[in-house]
Amino acid sequence: MAGEPQDDCLFCKIVAGTIPATIVRQTETTLAFRDINPQAPTHVLVIPKAHYENAGALAAADPGLTADVLREAQAVADEEKLDSYRLVFNTGGGAGQTVWHVHGHVIGGRGLEWPPG
């Protein structure tokens, strides 16, 4: 069920503390941790602690939690002293989503090209 922890979800396991991660920020509703395969000097994932498959599902179900994730992405950028950064939400396998728990990538600390890929 949407919003409920999923036994087979890597990020739900990180939220539960059963899989380690390098946590950089945590609130009551969100968790931010370093990507294990960083694509830039700063590459932090920001997730809601509640399980939603993708950004669209999260926004439809809980706009307030969506705002929490975006606010925490900005807080990560501020703490990392990024004056510019990219915030990416991949949705679907064709877009590169590999973990089916919504997550925003805060990427910065180097020049970023456009289009991205």
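The following questions and answers concern the pocket and the nonpolar cores of a predicted model.

This is a predicted model in which local features need pLDDT of at least 70 and side-chain atom pairs count only at pLDDT 80 or more, while totals for chains, interfaces and linings use all residues. Residues are numbered from 1 along each chain as its sequence is written, and side-chain values use heavy atoms, with hydrogens and water left out.

Q: Which helix or strand gives the most residues to the lining of the largest pocket?
A: A pocket is an open set of points on a 1 Å grid over the protein atoms alone, where a 1.4 Å probe fits, with protein on both sides within 12 Å along at least five of seven lines; lining residues have an atom within 4 Å of a point. Helices (H or I, at least four residues) and strands (E, at least two) are DSSP runs, numbered from the N terminus. Strands S2 (30-34), S3 (42-48), S4 (85-88) and S5 (104-108) each supply at least two lining residues, as does helix H1 (10-16). The most, 3 residues, come from H1.

Q: Which element gives the largest share of the largest nonpolar core?
A: A nonpolar core is a set of buried (under 20% relative accessible area, 1.4 Å probe, protein chains only) Ala, Val, Leu, Ile, Met, Phe, Trp, Tyr and Cys residues joined through side-chain atoms within 4.5 Å. The largest has 13 residues, including Leu 58 and Val 106. S3 and helix H3 (63-79) give two or more residues to this core. The largest share, 5 residues, comes from H3.

Methods:
Buried means under 20% relative accessible area, exposed over 50%, partly exposed in between (1.4 Å probe, protein chains only).
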